[in-house]
Amino acid sequence: MLNLFLLLTLALLSLLSLGFGEAPLSAGEVIAGLLGIGPETHQVIVREIRLPRVVLAWLVGLSLGASGAALQGLLRNPLAEPGLLGISASASLGAVLTLYFGLALVNPWILPAAAMFCALLATLVLQALTRAGSNNLTLILAGVALSSLAGALTSLALNLAPNPSDAQDIVLWLLGSISDRSFDDIWLCLPFVLLGLTLLLWCAPSLDALALGEAEASSLGIDLGRLRTLIILGSALSVGSTVAVTGAIGFVGLVVPHLLRRFVGFRPGPLLPASALGGAVLVLAADIALRLPETGREPMLGVVTALIGAPFFLALVLRSRRDLL
Amino acid sequence: MSRLELVEVAVHLGGRFLVEALSLQVGAGELVGLIGPNGAGKSTLIKAIAQLLPYRGSIRLHGDPLDQIPARERARQLAYLSQDDRVQWPISVADLVALGRHPYRGGWWRGAGRSSTEDQHAIESAMRATDVWSLRARASDTLSGGERARVRLARALAVEAPLLLADEPVAALDPRHQLEVMELLRTQAHQGASVIVVLHDLTLASRFCDRLLLLHEGRTVASGTVERVLSADHLRLAYGIGAVIGEHQGQSYIIPWSCESLVSKAERC
């Protein structure tokens, strides 16, 4: 029921987003354009200019929502999110390095490839650090360390940027955006996003039992080591590859699972697919919202999600503190 | 043949032996109490049996080495109730108990999808046995300590495993609920399960258990019938206490009375 509602919302928002812009189109015109009927200009606007943006919003939202829910379930920690493990930060670092060295201008594929490579590297480091006698606390600590390191190196690149325009490029990229992307960008990240999401969804049913703690979950036949590997890998693939294309977009992975948890009876398993859809809804909605004010310069998506996310997060902290009293 | 057979089991962690040279046999329908002071290795032993810790020696169930039974099959044979009673998310009581059926779920959507009538039956009878049926719609974070303990026990019973391992299931309970839970474990044994329970209350151990295993510093101090194990000497040796041992309705009760100087391992040898 909830998933159906989220899917419907997603479809409506997609139509809205496709129709919205300098040449406003009605829902009918959008659908006609999508199906390849109607005026040529409409088809081009809908399918080539606006559709990549919508599809990218889906991919980013699905990845962040699913990873957030999976990591919160796995780590039994409501604060967990893809950013926590340093996967986003490492992917950002990879992209920033190509901007710093001017490689991004040589070939448009270099930046996303470097970002994905760094996300993968971070995953391998996480795996190595947490393999022997690992537990979830080790994983969190390793993630925080990795995240700080990647953040520091990114700052260093900014710090030492040879000229202001490079620094400007880096900053803009770090803010995160899904505008002005083409289907080339989508084809680049799509296989990894799909693979990552499949791994995460595969893990969903095992997450419920983790509510009982790691010991009882293993006694119910759940292989914790394998679960941990699959979820780290799934998050790295999906989030790393979308960060590679869009830049860092924060707070979605943290906020969405919290928004939806009560509607699935607080069970981490069913929360995962719902949270994936909810992430897509939130990113798409934020992307429409940031285009509403007619100021000429639209704010970056990463900034808008953080603007929505941070106050919500504070409210959440305040509420949980009240629950404790 | 015993259902569960431990031969020379040792658990070595962090440079020292937590359990050493321990052998034990538990038959069908037996309720075995694991007693001993804090740090004696009771929880360690029960975790080793549940395959949650690496160990040396052999642990066999129905004659098969437990560590070679595939995880899913093992999860149907062995239910484990840990000492940690936190439940992470405010999941409803019914959903929580249903987690006990996880090892039986087939297909991709294991653990979250629809359950068979067999599952439903197991879940309902476990909840009725532990008297938590009326709590089924409650969120787990609104339960009292005693209610939570019974809900978690219901979760373990829902597995319907022939071997039930319970680590201090009565620690958080008031006297009445302690008796109820022990009677419940007794009933499980009567119905054919093998139950191993970690206890601190010696009178409960004496009243409800068929046999006892008294541990001290990872080694067996005494093992066997209640009368044999719960002697004043053994209690002084293991716990360093002087106890009043009395009899009521043909069963002994034990009241820890005074602290005695602890007998060190070296002196015993």
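Okay, let's start with a puzzle. Leaving aside its neighbours within four places in sequence, which residues is A:Val193 in contact with? Have a look for a moment.

Here's the list: A:Leu59, A:Ser63, A:Ser238, A:Ser241 and A:Thr242. A:Val193 itself sits in helix α9 of chain A. Is A:Val193 buried or exposed? A:Val193 counts as buried, because 24 C-beta neighbours fall inside 10 Å and the cut-off for buried is 20 or more. Now pick another residue, A:Val303. From A:Val193 to A:Val303 you go 110 residues along the sequence, and the C-alpha atoms are 23 Å apart in space.

Before I go on, remember that what you see is a predicted model. So how confident was the predictor? Chain A has an average pLDDT of 87, and 96% of the residues score at least 70. The low point of chain A is helix α14, residues 301–324, with a mean of 77, while the high point is helix α13, residues 268–289, at 94. As a general habit, where pLDDT is low, don't read the predicted coordinates in detail.

Let's stay with chain A. An unreviewed UniProt entry marks transmembrane regions on this chain, including residues 83–103, 137–158 and 230–259. What does the model show there? Residues 83–103 of chain A come out as 71% helix and 0% strand, with 25 Å between the end C-alpha atoms. Residues 230–259 of chain A are 83% helix and 0% strand, and the C-alpha atoms at the ends are 25 Å apart.

Now helix α7 of chain A, which runs over residues 136–159. How far does α7(A) reach from its first C-alpha to its last? With its 24 residues, α7(A) reaches 34 Å, close to the 34 Å expected at 1.5 Å a residue. Its buried residues are A:Leu139, A:Ala142, A:Gly143, A:Leu146, A:Ala150 and A:Thr154.

For a contrast with those buried residues, find A:Glu40 in helix α3 of chain A, residues 40–75. A:Glu40 counts as exposed, because it has 8 C-beta neighbours inside 10 Å and 12 or fewer is the limit for exposed. A:Glu40 and A:Val281 are 241 residues apart in sequence, with 29 Å between their C-alpha atoms.

Okay, where do the two chains meet? On the chain A side, 22 residues are in contact with 25 residues of chain B. The elements of chain A that give two or more residues to this side are α9, α10 and α13. Which of them gives the most? That's α10(A), with four residues. Sort the chain A side by type and you get 10 nonpolar residues, seven polar and five charged.

Over to chain B, and a hairpin. Strand β1(B) pairs with strand β2(B), residues 16–26, in the antiparallel sense over seven bridges. B:Glu5 stands opposite B:Gln25 in β2(B). Two residues lie between the strands of this hairpin, and B:Gly14 in the turn has a positive phi of about 55°.

B:Gly14 is a glycine, but can you find a positive phi in a residue other than glycine? Try B:Glu8, where phi is near 50°. B:Glu8 is in strand β1(B), residues 4–13. B:Glu8 is exposed, because 11 other C-beta atoms lie within 10 Å and exposed means 12 or fewer.

My last stop is helix α5 of chain B, residues 145–158. Why does its length agree with a helix of 14 residues? At 1.5 Å a residue, α5(B) should span 20 Å, and its end C-alpha atoms are 20 Å apart, so the two agree. Is α5(B) mostly covered or mostly open? It's mostly covered, with 12 of its 14 residues buried. Among the buried ones are B:Arg148, B:Val151 and B:Leu157. The cover for these buried residues includes β6, α3, α4, β7 and α6 of chain B.

Just after α5(B) comes B:Glu160, with a positive phi of about 55°. B:Glu160 is in the loop between α5 and β7 of chain B. B:Glu160 is buried, because 21 other C-beta atoms lie within 10 Å and the cut-off is 20 or more. So B:Glu160 is buried, whereas B:Glu8 is exposed. That's it from me!

Note on methods. Residues numbered from 1 in each chain as written. Chains lettered and ligands numbered in written order. Predicted model: local features only at pLDDT ≥ 70, side-chain atom pairs only at ≥ 80, totals over all residues. UniProt positions renumbered as here; feature names shortened; annotations may be inferred. pLDDT = per-residue confidence, 0-100. Expected span 1.5 Å × (residues − 1). Contact = placed C-beta atoms within 7 Å. Nonpolar A, V, L, I, M, F, W, Y, C, P; charged D, E, K, R; others polar. Pairing = 2+ DSSP bridges.
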